[in-house]
Amino acid sequence: MKKITILAILALTVSSFIATAQKSKKMKKVLFVVTSNDKLGNTGEKTGFWSEEFAAPYYELLDQGIEITIASPLGGQPPIDPKSADPASATEDTKRFDSDKILQEKLKNTHKLSTINQADYDAVFYPGGHGPLWDLVEDKNSIALIESFYTHKKPVAFVCHAPAVLKNVKVNGEFLVKGKKVTGFANTEEEAVGLTKIVPFLLEDELQKNGASYSKGADWGAYAVEDGLLITGQNPASSKLVAAKLLTQLNSKK
């Protein structure tokens, strides 16, 4: 009887170990890259990343067991666009974001982008906001990182203003977006928020200038485009669509 009991315990232990190992093996890791810039050009106003564009994809992935690491050019606490914290534009995700003490602690201690190695992750995601237009677009670490993810056959995803960080990314000497279907914050949307003459360039124009096949949906409506490993969303309302497409790609990879 004792022998049978011991064997049963051993079998359960081995089964539990295998299940744990399989779960650990299957856990995917996604890198979130956010801006460190808090200046809206020379206006004297503050900017940063847009909270909804961070929160919606973050929880969409986290709730599906994805492990998320956050990085920024300077490391530490990244700036949040104060306009995105307006209660009038709050969603269930931003409310969860505001009360999530674990996440707030992670944000206070974002990793420096220069210390990140794409080999440690399965995909990269960039939330928007106007902040990235002044730092991540020109950041050499960000440019090299996106190129590395892409050439290693890993998904690269961006929403709203974040596709702007593709401006200087090249693969094999050609702009990554050349010939690719993409979207991003539309000229008409930029005009609607009154920042056409403030931003360093118009995202829609720049993507087309670099050879992208740009398309858009209705202003402020949910619209996302997937072209192979490249996933882009038009505006804040498109955040969950981008996350869903990214999740599908992650789940398709063993």
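Tyr58 has a relative accessibility of 3% in this predicted model, and it therefore counts as buried, the cut-off being under 20%. Tyr59 is buried as well. The rings of Tyr58 and Tyr59 form an edge-to-face pair, with 5.2 Å from centre to centre and 90° between the planes. Phe54 has a relative accessibility of 0% and so also counts as buried. Both Phe54 and Tyr58 belong to helix 2 (residues 51-62), where they are four residues apart, about one turn of the helix.

A pair of aromatic rings is described by the distance of the centres and the angle of the planes. The whole structure contains nine aromatic pairs. One of them joins Phe54 to Tyr58 in a stacked arrangement, with the centres 5.4 Å apart and 15° between the planes. Ring pairs also extend beyond these residues: Phe32, Phe49, Phe54, Tyr58, Tyr59, Phe97 and Phe125 are linked by them into a cluster.

The aromatic cluster includes Phe125, and this residue leads to strand 4 (123-126). In a regular strand the side chains alternate between the two faces of the sheet. In strand 4 both faces are covered, with Ala123 and Phe125 buried on one side and Val124 and Tyr126 buried on the other. Strand 4 runs parallel to strand 1, to which three bridges join it, and Leu31 has Val124 as its bridge partner there. Strand 4 is also joined by three bridges to strand 5, again in the parallel sense. Here the bridge partner of Val124 is Val156.

Strand 1 (29-33) is itself mostly covered, since four of its five residues are buried. Besides strand 4, its partners include strand 2 (residues 67-72), with which strand 1 pairs in the parallel sense over five bridges. In that pairing, Lys29 stands opposite Glu67 of strand 2.

Which elements cover the buried residues of helix 5? They include strand 1 (29-33), strand 4 (123-126), strand 5 (156-159), strand 6 (170-171) and strand 11 (230-233). The buried residues themselves are Ser142, Ile143, Leu145, Ile146, Ser148, Phe149 and Tyr150. Helix 5 comprises 12 residues (residues 140-151), which at 1.5 Å a residue should span 16 Å; the C-alpha atoms at its ends are 16 Å apart, so the expected and modelled values agree. At the N-terminal end, Asp139 caps the helix, with a side-chain oxygen 2.9 Å from the backbone nitrogen of Asn141. After the helix comes Lys153, whose phi is positive, near 60°.

Two further lysines are placed over aromatic rings. The charged end of Lys170 sits over the ring of Phe175, 4.8 Å from its centre. Lys167 lies over the face of Phe201, and the distance to the ring centre is 5.6 Å.

The last site to consider is Gly221, located in the loop between strand 9 (213-214) and strand 10 (224-227). Is Gly221 buried, partly exposed or exposed? Its relative accessible area is 23%, so this glycine is partly exposed. When neighbours within four places in sequence are left aside, Gly221 is in contact with Asn235, Ala237 and Ser238. Of these contacts, Ala237 lies 16 residues away along the chain, yet the C-alpha atoms of Gly221 and Ala237 are separated by 6.0 Å.

Technical notes
Residues numbered from 1 in each chain as written. Predicted model: local features only at pLDDT ≥ 70, side-chain atom pairs only at ≥ 80, totals over all residues. Heavy atoms only, no water. Helix = DSSP H or I, 4+ residues; strand = E, 2+ residues; numbered from the N terminus. Expected span 1.5 Å × (residues − 1). Buried < 20%, exposed > 50% of the residue type's maximum accessible area, 1.4 Å probe, protein only. Contact = heavy atoms within 4.5 Å. Polar contact = N/O pair within 3.5 Å; in protein donor to acceptor, adjacent residues only side chain to side chain. Phe/Tyr/Trp six-rings, centres within 6.5 Å; stacked < 30°, edge-to-face > 60°. Lys NZ or Arg CZ within 6 Å of the ring centre and 35° of its normal. Pairing = 2+ DSSP bridges.
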